Amino acid sequence: MDFLADVIAFFGDRANWRGANGLTQLVVEHLVVSVTAMAIAMALALPLGLVLGHVGRGGLVAVNVSNVGRALPSFAVLVIALQLSSIGVTPTLVALVLLAVPPMVTNSFVGVQGTDPDMVEAARAMGMTGRQVFTEVELPSALPLVMAGVRTAAVQVVATATLAALVGFGGLGALILVGLRTGDNVEVFAGALTVTVLAMATEIGLGALQRCLSPGHRLGRDSPQETSKSSLRVSISSR
Amino acid sequence: MDWTWVADHRGLILELVRAHVELTVLAVVFGLVLSFPLALAARRWRRLGGPIVSATGVLYAIPSLALFALLLPWTGLTRTTALIGLVSYTLLILVRNIVAGLDGVAPEVFEAATAMGMRAPLRLLSVELPLALPAVVAGIRVATVTTIGLVTVAALIGHGGLGQLILDGLNRDFPTPLVVGSTLSVALAAVADLTLVGAQRLLSPWADRDS
């Protein structure tokens, strides 16, 4: 396997790690834009979904927003964001935030709505205020699904940040694109491998965190999508 | 929007829509063909269930552009590369929904079928699968809509259907093909979703209507 030997040699060559287009720099760029986009998206999506779930309004919108989000090709969102804003990191951030918001809104809404009504009633009967019911009962009960939404969104953001190289943002996608343009399969493969490791680390790392935060629960990611009986279990997983 | 461009390229646009639909249908059909045995194996041997679902989850996490790129040394810039990538993304959704659908069959129904002397294959085909249909179709819907969006990314390896228009618009900094490609892609997803809902209602008229 000469090809794989070349790929290993690519990673072994220190020169490929240094400089403005070195692997280190590209990984850092990829991570910084992903984390920034996730921070903005979480600040927008989680309060919205949780509050809507608490007051029980806007369910149709909250649940369907992720279906619409799934139908929007991330590639198109990126390119359209490029047309509408200036160059630089802005279009990438806008597109990533747009893609990350829907699964988190849906999951936090569904998580709060799915709280056992008996528990909510018991909490009210004990004299808890609306705010207390929310923080002491609904929030802990929603946590596994909220985390599942964050995980789905984060994996999607890391994945889509790869495409952002197309609209002039660096990141690991740049390595793949430059390689594709110059016909350098080793570079393409090395870039793809690095970003795959990054995405899997996100998936597995957040999966572990999710398990820590939800002892005794089945993982949200395992719940079926839109089975007929419980359309409220919809949720999850778009790309 | 430059409508004369659209009028001049009607043939190309139709051709790309056809390619987009073809790639989506192939990916979902291959995905189903692979998912059914995987889901049945996951149910038959419970210990395999976790690893099977985790493996499809890991596949799902690979960025689409990276997955296409990883396949390049082996399958090159062919439609096969695009198809392998697209099929692998359908597995997580399909396997999980098939398992959930089969698990949702009421135990009494299952026992009644067994008590009537049905053997496992007949019971599966004539009792369990029809009852699992709503969940399976729900999975097919999500897989189809997701695939339609992902096909656009395959434009980078030359097999992106409407994604070719988006890429063209990007490369030439000309918004018309971009808008046409994106809009048609979203419209295609909506039409596919509605068609599948309709098909499910025809096939399982007894099921809940609110799904």
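A residue is taken as buried here if 20 or more other C-beta atoms lie within 10 Å of its own, with C-beta atoms placed from the backbone. By that yardstick, 45% of the 211 residues of chain B come out as buried in this predicted model. Chain B is helical through and through as far as its assigned elements go: nine helices and zero strands, so to read chain B from the N terminus is simply to go α-α-α-α-α-α-α-α-α. Its C-alpha trace spans about 65 × 40 × 20 Å along the principal axes. As for how the chain folds back on itself, take the contacts in chain B with a separation of 6 or more: 71% of these are accounted for by residues 24 or more positions apart.

Next comes the partner chain. Here 48 residues of chain B are in contact with 42 residues of chain A. On the chain B side, at least two residues each are supplied by helix 3 (46-61), helix 4 (64-75), helix 5 (79-103), helix 7 (120-151), helix 8 (163-172) and helix 9 (175-203). Helix 7 of chain B gives the largest share of that side, with nine residues. Sorted by character, the residues of chain B that touch chain A split into 30 nonpolar, 15 polar and three charged.

One helix pair between the chains can be followed in detail. Helix 9 of chain A (residues 185-213) packs against helix 3 of chain B at an angle of about 135°, and their axes are 9 Å apart. Angles over 145 degrees would count as roughly antiparallel and those from 65 to 115 as roughly perpendicular, which is why helix 9 of chain A is called oblique to helix 3 of chain B. The crossing of these two helices is right-handed. Chain A brings A:Ala199, A:Met200 and A:Glu203 to this contact, while chain B brings B:Gly57, B:Val58 and B:Ala61. Between them, these residues make up a set of four nonpolar, one polar and one charged.

Finally, the nonpolar core. The largest one holds 126 residues, and A:Leu78, A:Ala100 and B:Val95 are the members that touch the most others. Helix 7 of chain A (residues 130-163) provides the largest share of this core, 14 residues. A closer look at A:Ala100 shows who its partners are: leaving aside residues up to four places away in sequence, A:Ala100 touches A:Ala37, A:Met38, A:Ala41, A:Ala153, A:Gln156 and A:Val157.

How values were computed:
Residues are numbered from 1 along each chain as its sequence is written. Chains are lettered from A and ligands numbered from 1 in the order in which they are written. This is a predicted model: local features need pLDDT of at least 70, side-chain atom pairs count only at pLDDT 80 or more; totals for chains, interfaces and linings use all residues. Helices (H or I, at least four residues) and strands (E, at least two) are DSSP runs, numbered from the N terminus. A residue is buried if 20 or more other C-beta atoms lie within 10 Å of its own, exposed if 12 or fewer, and partly exposed in between; C-beta atoms are placed from the backbone. Two residues are in contact if their C-beta atoms, placed from the backbone, lie within 7 Å. Ala, Val, Leu, Ile, Met, Phe, Trp, Tyr, Cys and Pro count as nonpolar, Asp, Glu, Lys and Arg as charged, and the others, Gly among them, as polar. A nonpolar core is a set of buried Ala, Val, Leu, Ile, Met, Phe, Trp, Tyr and Cys residues joined through C-beta atoms within 7 Å. Axes are lines fitted to C-alpha atoms, for helices over the stretch in contact, and angles run from 0 to 180 degrees between N-to-C directions. Angles under 35 degrees count as roughly parallel, over 145 as roughly antiparallel, 65 to 115 as roughly perpendicular and the rest as oblique. A crossing is left-handed if the near helix is turned anticlockwise from the far one by less than a right angle, and right-handed if clockwise.
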